[in-house]
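Grab the model and a notepad, and let's work through a few exercises together. Try each task yourself before you read the solution.

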Amino acid sequence: MRTADPILTGGRDQRSHSLVALRPAVAPTAPQVVVLAAGMGTRLGRKLPKPLTPLMDGRSIMQQQLDGVRAVFGDAAPVTAVVGYRAKAVMRAQPDLLFAFNPDFAVTNTSQSLLRALRTSQPGGVLWLNGDVVFDPAVLDHAAPLVQADQSFVCVDTSTVADEEVKYTLDEDGFIAALSKTVVGGLGEAVGINYVSGADKPALIEHLAACEATDYFERGMELAIQQAGVRFRPLDISRFSAVEVDFDDDLQRANTWLGSRAALEPLASELG
């Protein structure tokens, strides 16, 4: 479970666009977007793929993500979903997306799903999302300047460092040094929203290919950092809500945040 407090983070963010849908006058240039949706999601215990889990507002987790992507980057943002477990259900739910298929979803981890997506991507950088993260669209608005600058980054939450989550440390220049669940002395958690620049993408592809089948994609990032000098900037999104839904408690937290956001939207609209 990767989570920022769904109520407190909304309270700390004083910007109105954290309360209402983001509709900038001119959307930033749309990056390629990848949603990793191939896993079985056994810990949540649902029959559907986890990205299709319904939320309290009637949307699925994946739809909530896509709405955020389109609110910030516009409707033209190309999105590829990596599918595997019950792939046809995801494809039926989102027929307008592009798809990459991981046939080995039952015995591989996210390193192999991301590898398939990056290998089939067009030239340029790629923004990728774990398919089970419910997050404030303001996260993407906050990340947009780095996307526009084509700077590789990792969204991090410095307000929590749970033992079972992906943690990180920094090098002397302030870039990501280590990134894994076994990091000692972690400064925070990676929330599952990341970007690789066009220049860094070939190195990441090479090192994802060197991963074990059961590795998370963070291992490929670590190898690219250590062996190819790739630099991922940490992007602190702690003041926004981001909940990785692994268990029912996580889903309840995500729904609590969505409920509080829905209650605040009319007030934000009145304030202008």
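**Exercise 1: the buried side of a helix**

Task: list the buried residues of helix 5 (residues 138-148) and say what they pack against.

Solution. Start with burial: in helix 5, the buried residues are A138, V139, L140, A143, A144, L146 and V147. "Buried" means under 20% relative accessible area, exposed means over 50%, and partly exposed is in between (1.4 Å probe, protein chains only). Helices (H or I, at least four residues) and strands (E, at least two) are DSSP runs numbered from the N terminus.

Next, look for neighbours, with contact meaning heavy atoms within 4.5 Å. These buried residues pack against helix 2, strand 4 (126-130), strand 5 (133-135), strand 6 (153-157), strand 9 (189-196) and strand 10 (233-236).

A word on the source: this is a predicted model, where local features need pLDDT of at least 70 and side-chain atom pairs count only at pLDDT 80 or more, while totals for chains, interfaces and linings use all residues. Residues are numbered from 1 along each chain as its sequence is written, and side-chain values use heavy atoms, with hydrogens and water left out.

**Exercise 2: two positive phi angles**

Task: find where D150 and R86 sit, and how covered they are.

Solution. Begin with D150, in the loop between helix 5 and strand 6. Just after helix 5, D150 takes a positive phi of about 55°, although D150 is not a glycine. With a relative accessible area of 32%, D150 is partly exposed.

Now do R86, which lies in the loop between strand 2 (79-83) and helix 3 (87-93). Its phi is near 45°, a positive value in a residue other than glycine. R86 has 39% relative accessibility, so it counts as partly exposed.

**Exercise 3: a polar side chain inside**

Task: is Q64 buried or exposed, and what does Q64 touch?

Solution. First, place Q64 in helix 2 (residues 61-73). The relative accessible area of Q64 is 3%, so Q64 is buried. Then check for a partner: a polar atom of the Q64 side chain lies 2.8 Å from the backbone oxygen of F135. Finally, leaving out residues up to four places away in sequence, Q64 touches L55, R59, V133, V134, F135, P137, W257 and L258.

**Exercise 4: far in sequence**

Task: how many residues apart in sequence are F240 and D136?

Solution. F240 belongs to the loop between strand 10 and strand 11 (242-244), and F240 is buried, at 0% relative accessible area. Count along the chain to D136 and you get 104 residues, yet C-alpha to C-alpha the two are 6.2 Å apart in space.

Now zoom out. Of the protein's contacts with a separation of 6 or more, 76% are between residues 24 or more positions apart.

**Exercise 5: the whole protein**

Task: how many helices and strands are there, and what percentage of residues is buried?

Solution. Count the elements: eight helices and eleven strands. Then count the residues: of the 272 in the protein, 55% are buried.

Notes
Polar contact = N/O pair within 3.5 Å; in protein donor to acceptor, adjacent residues only side chain to side chain.
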